[in-house]
Every structure is written in structure tokens, then in C-alpha cells.
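Dear colleague,

Please find below the structure for your review. My findings on its ligands follow directly after it.

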Amino acid sequence: MHEQRKIIIDTDPGQDDAVAILLALASPELEILGITAVAGNVPLALTEKNARKICELAGRPETLVFAGAVRPLVRKLVTAEHVHGRTGLDGPVLHEPKMPLQEQHGVDFLVETIMAHDAGEITLCTLGPLTNVALALIREPAIAAKTREIVMMGGGFFEGGNVTPTAEFNIYVDPHAADIVFRSGIPVIMMPLDVTHKALTTARRIEAFRTLGTQVGEATAKLLDFFERFDEEKYGTDGGPLHDPCVIAWLLKPELFSGRHCHVAIETGSELTMGMTVVDWWRVTGHPPNAQVMREIDSDGFFALLTERLARL
Ligand code: BDR
Ligand code: CA
């Protein structure tokens, strides 16, 4: 086997975050140095606990889970219980985790771990608001040159937003953090709504998880049954978008995705368009590209990968 890619997952679970974490845990190409939780879909006390619940579901209680920021840098925390349920992981019955939460603060873990490795060794996978990563960049700006890249679920351009007409949830919750991250010089691989809205949890795809006949397959099916009901109603589709696993899938099979290298700026001034990811798709600004903005996905290939990997847990 090739050398494993070292990753840190920053996340606010969330059913789709949970599936992303399961995909990463199931994939031998990846070495998960730690999981840092952030406030987002639900408050931090739940997201850190949810991250531990998922590690235990996967049979991986030795995974290091850290709690990070309790709220965004500037704005008040906005959560999404109407989508994810009261716990953030509504759907299956998951027992209270027994594995410990690490004592170290998630932001300290990010800084210390990235600084302790060689430049280009660590990939950050961000599945929630970017508060922890921005705080780490403020605390130790040298991590920017050390980080290989950030693979991020966030933003939307052609597809618009999902919490306001122009903003996607992860960027909207902490636009100031996103602004810091996109200006940091760390290469970003961005999985916007333009991609994730094409990765739909159709009945057939959920059934494939259920028929794995494993605890993980059953729990995944229940998580997604719950998760999709809001978006099916909203978008009138068979299934809802499965956002966050796209990040991990790109690490495993980048050929499933295509996009364009361009400049992305974050709106932090206007209340009307707060948190918009302004993508210079046609390269009209002359600003140098800071992100690989994905637009297309082979969704059958993506779900086949997901099913094959979850079967291993
Ligand atoms: C993003 O927001 C959250 O609700 C999901 O977990 C995903 O990260 C989609 O906009
Ligand atoms: Ca998320």
C-alpha cells in the first residue's frame, strides 16, 4: 500500500458529517490524526459528542476527538436543528459514547499537530463552519505554509445558497472565519452545493446501505432517511444532497469530480448576501486562483465507493 495521507477532520456532526467520518474511518489510504469538533449544525456540546458516537459506531474508539470553538468569530451562532433534529444525529438510536473527549482544545491540537509535521504533510478536511481553522491561523500563521491543502464542503455559486438565496450554511455561520481561510494562501479544494446537490440519497442508494446487513449499514440508512426528509420537501427531489462525504471521496477518488481553479472571495459586508462565496469562474477579476472549485460529480461512482467502503466497517 502507498503511504497513508495524514488528515485532520474538522466537523459539526450532523448526519452527513457522520457518513463522511465513517467513510474516512473505513479507508486505509487515510490516517486520521484527530477529529476537531466545532459549533454548527448543533451546539458544540453535541457535535463533539456526536463525533465520538460515530467513532464508536465504526468500532474505532481510539480515535482522538477534540472540542474546538463554541461560537463563530463575530456573529451569533446559527444552528440547523430543523434539518438534523434535536441531537444533530436524529434517526438511529446511538448509545452515549464511552470513549473520552481529549482534554486539549481543538484549536491547540490543530496548531501543535500541523507545526510538528513537515510542510505539505497534513490535509485538513473541513465539514462545518471554519471557526477552528481560522482561530488556528490567527494563533499560529505559520501553519498556512505547512498545510498541504484544505478540502472543504462549503459555498455554492451556480446553485445559489441553502440558508439564504446566496449563502451556504457552513460559510454563512462563520463568514469571517471563511474569509480568513480563503485569504490564508492554503490551497483549497471546494465542494460547493453545485456538486453536493447532484449527490442525492435516492431510495435505491439508501437501500444499498441497508442491505449491507451490518450495524453501520443500518445506522447509515436510518441517518439518511431522517436527513433527507427536509431537503426532499424543499427541493422536490428523490433523496437529499449528501454534502460532507464528497470531501473524503475526493481524497480517495479525485477522478469522480471536476471543476476549475479560480479565485473565491467571501462576502462579510452586506447583510443581504452575507456569507456568499463569490467565485470568479470566468476569471474576470485578475485575482490569482486560491481554490479548486468543483462543479461536477459522478454520483453513481460516488455512492458505489461509499457503499463499498462502509461495508468494511
Ligand atoms: C452543510 O451544512 C450542514 O448542514 C451539513 O452538515 C453540510 O456540512 C451543507 O450546507
Ligand atoms: Ca457539516
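In this predicted model, an oxygen atom of ligand 1 lies 3.0 Å from an N or O atom in the side chain of Asn170. Two further side chains offer an N or O atom to an oxygen atom of ligand 1: that of Asn162 at 2.8 Å and that of His84 at 2.9 Å. Taken alone, ligand 1 exposes 280 Å², of which the protein buries 95%.

Ligand 1 sits in the largest pocket. Two elements, α1 (15-25) and α7 (169-173), each give two or more residues to the shell around ligand 1. The surrounding residues include Asp16 and Asp17, as well as Phe169 and Asn170. Also among them are Asn41, Met153, Glu168 and His243.

The second site is that of the calcium ion (ligand 2). Its protein donors are Asp12 (OD), Asp17 (OD), Asp17 (OD), Leu127 (O) and Asp244 (OD), at 2.2 to 2.6 Å from the ion. Along the sequence, the donor residues follow the spacing D-x4-D-x109-L-x116-D. Leu127 and Asp244 link distant parts of the chain, being 117 residues apart. Leu127 belongs to the loop between β4 (122-126) and α5 (131-139), whereas Asp244 belongs to the loop between α11 (215-235) and α12 (245-252).

Are these two donors buried or exposed? Leu127 has a relative accessible area of 1% and is therefore buried; Asp244, with a relative accessible area of 2%, is buried as well. The cut-off for buried is under 20% relative accessible area.

Asp17, Leu127 and Asp244 are calcium donors and are also among the residues that surround ligand 1.

Yours sincerely

Notes. Residues numbered from 1 in each chain as written. Chains lettered and ligands numbered in written order. Predicted model: local features only at pLDDT ≥ 70, side-chain atom pairs only at ≥ 80, totals over all residues. Heavy atoms only, no water. Donors = N, O, S within 2.8 Å, 3.2 Å for Na, K, Ca; no water. Helix = DSSP H or I, 4+ residues; strand = E, 2+ residues; numbered from the N terminus. Buried < 20%, exposed > 50% of the residue type's maximum accessible area, 1.4 Å probe, protein only. Near = heavy atom within 4 Å. Polar contact = N/O pair within 3.5 Å; in protein donor to acceptor, adjacent residues only side chain to side chain. Areas by Shrake-Rupley, 256 points an atom, 1.4 Å probe, with all protein chains shown as cover. 1 Å grid on protein atoms, 1.4 Å probe; cavity = no way out; pocket = protein on both sides within 12 Å on 5 of 7 lines; lining within 4 Å. Sits in = over half its atoms within 2 Å of the grid points.
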